[in-house]
Amino acid sequence: MLKADFFERPAPLLAPDLIGKALARRHNGNMLVGIITETEAYQGQEDLACHARVGKTKRNQVMYGEAGKAYIYFTYGMHWLLNIVADQVDTPAAVLIREIFPLAGAEAMALNRPHLAYSSQWLNGPAKLTQAFGIDGSLNGHDLQEKGSELYLVEALVVPQDKIKASPRVGLGNTPEPWLSLPWRWEVSWQDVKELIAEQKKE
DNA sequence: CGGCCGATTATCT
DNA sequence: GATAATCGGCCGG
């Protein structure tokens, strides 16, 4: 189980360490599990790409709270996005979960998200995986350290540093430099994940 | 493949 | 009233 001090770090340190962890979801009697394969860090009021750049509001207040909670918000009039709160209380920071590799319950995910099911385009986006997992605003503020709850995180794969690629965050629109180009996005390929799963199963 | 564009509404100014 | 940490469809090459 992941402990509080795992989450109580700045988002740019937590985000790469979340690659390889598993997100587990109880939904409509099904158990859905996926390996996190892409993340982005949003750190502090000084980060002009972070929702907290305007200070504390009703929407972003969960980011100001305890680490290890889910910060879930609605955007573009139709999408829910899942973040994991990072760092200390009163320091707004979070890690956006952008992609998941399905490990269990893929058939149930496909019912939630039939579009292009089982293709490489299936779960490669922050709003796609929340659809597949049936995640919405009702889980905002939920503690992700409670194993067995509706939504939680567990250890899963050990992903070596050299398999994790960093690059700039995406979809930031008019965000000024240097925030626009900071390499605060991390990912591992599904091919590498498949190989690591096969290797680590033997042990 | 890559680029452009409309959908659709909670949230903030 | 404007904007948005996106997605999927449609177009051209």
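The following legends describe close-up views of a predicted model of protein chain A with DNA strands B and C.

**Figure 1. Overall architecture of chain A.** The secondary structure of chain A consists of five helices and eight strands. In sequence order, these elements follow the pattern α-α-β-β-β-β-β-α-α-β-β-β-α. Along the principal axes, the C-alpha atoms occupy a box of roughly 45 × 35 × 35 Å. The radius of gyration of chain A is 16 Å, in agreement with the value near 17 Å for a compact globule of 203 residues. Buried residues make up 54% of the 203 residues of chain A. Among contacts with a sequence separation of 6 or more, 60% join residues 24 or more positions apart. The accessible surface of the chain amounts to about 9,700 Å², and carbon and sulfur atoms contribute 51% of this area.

**Figure 2. Surroundings of DNA strand B.** The residues around DNA strand B are Val54, Thr57, Lys58, Arg59, Phe74, Tyr76, Gly77 and Met78. Classified by residue type, this surface comprises four nonpolar, two polar and two charged residues. Sugar or phosphate supplies 65% of the atoms of DNA strand B that lie within 4 Å of the protein, and bases supply the rest. Two of the polar contacts shown involve phosphate oxygens of the strand. In one of them, an N or O atom in the side chain of Thr57 is 2.4 Å from a phosphate oxygen of DNA strand B. In the other, the protein atom is a backbone N or O atom of Arg59, placed 2.9 Å from a phosphate oxygen of DNA strand B. A base is also contacted: a backbone N or O atom of Tyr76 lies 2.5 Å from a base oxygen of DNA strand B.

**Figure 3. Surroundings of DNA strand C.** DNA strand C is surrounded by 20 residues, of which His51, Tyr73, Tyr76, Asn83 and Arg113 are the closest. Of the atoms of DNA strand C that come within 4 Å of the protein, 59% belong to sugar and phosphate. Tyr76 is also listed among the residues around DNA strand B. By class, the surface near DNA strand C has nine nonpolar, eight polar and three charged residues.

**Figure 4. Polar contacts to DNA strand C.** At the backbone of the DNA, a phosphate oxygen of strand C is 2.5 Å from a polar side-chain atom of His51. At the bases, an N or O atom in the side chain of Tyr73 is 3.2 Å from a base nitrogen of DNA strand C. The side chain of His79 likewise places an N or O atom 3.0 Å from a base oxygen of DNA strand C. Strand S3 (70–75), S4, S5 and H4 are the elements that each give two or more residues to the surface near DNA strand C.

**Figure 5. Helix H4 and its packing.** Helix H4 spans residues 126–133 and is largely enclosed by the rest of the structure, because six of its eight residues are buried. The buried positions are Pro126, Ala127, Leu129, Thr130, Ala132 and Phe133. These buried residues pack against strand S1 (22–27), strand S2 (30–43), strand S4 (79–85), strand S5 (93–104) and helix H3 (106–112). Helix H4 also gives two or more residues to the surface near DNA strand C. Just after the helix, Gly134 adopts a positive phi of about 65 degrees.

**Figure 6. Backbone geometry at Asn28 and Leu116.** Both residues are other than glycine and have positive phi values. Asn28 has a phi near 50 degrees and is situated in the loop between S1 and S2. The relative accessibility of Asn28 is 67%, so this residue counts as exposed. Leu116 has a phi near 55 degrees and belongs to the loop between H3 and H4. With a relative accessibility of 43%, Leu116 counts as partly exposed.

**Figure 7. The cis peptide bond before Pro178.** The bond from Glu177 to Pro178 is cis, and its omega is near 5 degrees. Pro178 is located in the loop between strand S7 (165–167) and strand S8 (185–187).

Conventions
Residues numbered from 1 in each chain as written. Chains lettered and ligands numbered in written order. Predicted model: local features only at pLDDT ≥ 70, side-chain atom pairs only at ≥ 80, totals over all residues. Heavy atoms only, no water. Near = heavy atom within 4 Å. Polar contact = N/O pair within 3.5 Å; in protein donor to acceptor, adjacent residues only side chain to side chain. Nonpolar A, V, L, I, M, F, W, Y, C, P; charged D, E, K, R; others polar. Buried < 20%, exposed > 50% of the residue type's maximum accessible area, 1.4 Å probe, protein only. Helix = DSSP H or I, 4+ residues; strand = E, 2+ residues; numbered from the N terminus. Contact = heavy atoms within 4.5 Å. Rg over C-alpha atoms; globule rule 2.2 N^0.38 Å. Areas by Shrake-Rupley, 256 points an atom, 1.4 Å probe, with all protein chains shown as cover.
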